[in-house]
Amino acid sequence: MSAAAQRFESTLAPHARRLSTRRIADLVAADGARPHGYALRVGGLYASFARQRYDDAARDALLQLARDAQLPQAFRALFDGQTVNTSEQRPALHVALRSALSTAAVARDAHAQALEARTRMAALVAALEASDVTDIVNVGIGGSDLGPRLVVDALKDFGTGRFRVHFLTNVDGSDAQYILKGLDPARTAAILVSKTFGTQETLLNGAIVRDWLGGGERLYAVSANVPRAEAFGVAPGRVLPMWDWVGGRYSLWSSVGFSIALAIGMDGFEALLAGAADMDAHVLDAPLAANLPVLHALSGVWNRNALGLATHAVLPYDERLALLPAYLQQLVMESLGKSVTPEGAPAGVDTVPVLWGGPGTNSQHSFFQALHQGTQTVPADFIGVVTPDNPYAENHAALLSNLLAQTEALANGFSAEDPQKSYPGNRPSTLLLLDRLTPGSFGALVALYEHSVYAQSVLWGINAFDQWGVELGKRIAGELLPAVRGDDVAVADPVTRALLDEIRARRS
Ligand code: F6P
């Protein structure tokens, strides 16, 4: 049995059995202090865990689990730049991009490199602002796309309005076709973002954009592989660095956020980082029982391992956060979608839930039916913003009342004579409330999720910072490419062979 499995069996399982028939409504009714006692505030972010399906004793057990897994020490190791990504023998120092919370030489060195790169990025931002460029195309995929795309969209109220920012991602050529169609190459700059500069999608799209621009004058790159970027035709002065100690899905705080800085200005970008830095200080300093990312992670572990719930929904009640579920799908599922320990043994416990979601209230009119009455219980993070940045007060009142109503309905349910009109309830959720959506509060929110992911990886005994699971498909795609092009090459798999025959026969 793995260490995590042993800890879960001895610490968590008794409480899971004890609480198996207790309902959320009972837990709330039994403890008048619960609505406040299960909530906490970190800066402009308030979180309520009152509608999770654990009580004080189970919460204590979860905290014991965190102590047994040496979670505080694990966070220290992360911030100190220890080799937490063992399969690639690297630290994961995304925190050093925004915080200086370690005296370890490797972390201080990383922070200094980050500051130097940010200074260079600021100069490029200023030069572009002073130019006649009107449009920016960010070419990248995965972590080189989702973070910048999310932040630019979420913080559009804070945009300087100086540039229109576009994101070219999919290797499907129609993505390039539609994005470039409306743009003037003489007024457009492109940023090729790729940590490795070896990603098929970005190299193909990058070549299209480079040729469309008619030269490298307005071509920029962000990469940990500077020689490859330069060989691709990007002038050395326009290549910003990245480092192997930053995972792609943790990289929006680095030069990967170049398009963010162009959209919201350097001051906005700095404020985003400062918000994340506040969450960094909190996760390191706060005791486990009052530590927001830790409590968020423990709630996830409770739902996954004590209640056996296989999926998790993220439901932002703010249109500006509509891309958050897609961003978190990479952050959470690429980080935690593992089933073996770093030593290669089975994890022995269930790990990542399938993460999905969408914005409220839209989602209420699509998949909420299943959340309320489906056979599977889906725990959810509801996210709301107290004060909006639009003038439509009545809309905002409706938005917030829907948010509150949904969490209440999911938890409490409703009994009607007609079973078809009954709601089982007892469906857990966490509520995250931002006072306002600002660069700072948004930085803190994203950092909360990053730290929650890391905490879960420690509790499950898996590596949050590699992603070997994406490699096999890439390799096979490379092997099949000549056959798809039409070359006469052997294809071993009979099903793939039949499919290729079909494609060839139908291709016009
Ligand atoms: O295929 C997965 C992945 O490696 C992600 O982890 C990464 O964010 C993405 O591809 C893009 O990689 P790169 O920045 O090297 O182009």
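A residue counts as exposed when its relative accessible area is over 50%, as buried when that value is under 20%, and as partly exposed in between. Keep these cut-offs in mind for the close-ups below, which all show a predicted model.

**View 1. Q89, an exposed residue with a positive phi.** Here we look at the loop between α5 and α6 (105–129), where Q89 has its place. Phi of Q89 is near 50°, a positive value, and Q89 is not a glycine. The relative accessible area of Q89 is 59%, so Q89 falls in the exposed class.

**View 2. Q70, a partly exposed residue with a positive phi.** This loop runs between α4 (56–68) and α5 (71–79), and Q70 sits in it. Although Q70 is not a glycine, its phi is positive, at about 55°. With a relative accessible area of 44%, Q70 is partly exposed, because that value lies between the two cut-offs.

**View 3. The cis peptide bond between G360 and T361.** The bond leading from G360 to T361 is cis, and its omega is near 10°. To find the spot, follow the chain from β9 (354–357) towards α14 (368–373): T361 lies in the loop between them.

**View 4. The ligand and the residues around it.** The ligand takes up the space of the largest pocket. Around the ligand there are 14 residues, and those that come nearest are G143, S144, S194, T196 and T199. Sorted by class, this shell holds two nonpolar, nine polar and three charged residues.

**View 5. Polar contacts of the ligand with S144, K195 and E334.** In the side chain of S144, an N or O atom is 2.7 Å from an oxygen atom of the ligand. At K195 the partner is a polar backbone atom, and an oxygen atom of the ligand is 2.8 Å from it. E334 takes part through its side chain, where an N or O atom is 2.8 Å from a ligand oxygen. How much of the ligand's accessible area does the protein cover? Of the 400 Å² that the ligand has on its own, 87% is covered by the protein.

**View 6. S223, a buried residue in contact with K195.** S223 has its place in strand β6 (residues 219–223). Its relative accessibility is 0%, so S223 counts as buried. The side chain of S223 reaches the backbone oxygen of K195 at 3.1 Å. You have already met K195 in the previous view, where one of its polar backbone atoms is 2.8 Å from an oxygen atom of the ligand.

Key
Residues numbered from 1 in each chain as written. Predicted model: local features only at pLDDT ≥ 70, side-chain atom pairs only at ≥ 80, totals over all residues. Heavy atoms only, no water. Near = heavy atom within 4 Å. Polar contact = N/O pair within 3.5 Å; in protein donor to acceptor, adjacent residues only side chain to side chain. Areas by Shrake-Rupley, 256 points an atom, 1.4 Å probe, with all protein chains shown as cover. 1 Å grid on protein atoms, 1.4 Å probe; cavity = no way out; pocket = protein on both sides within 12 Å on 5 of 7 lines; lining within 4 Å. Sits in = over half its atoms within 2 Å of the grid points. Nonpolar A, V, L, I, M, F, W, Y, C, P; charged D, E, K, R; others polar. Helix = DSSP H or I, 4+ residues; strand = E, 2+ residues; numbered from the N terminus. Buried < 20%, exposed > 50% of the residue type's maximum accessible area, 1.4 Å probe, protein only.
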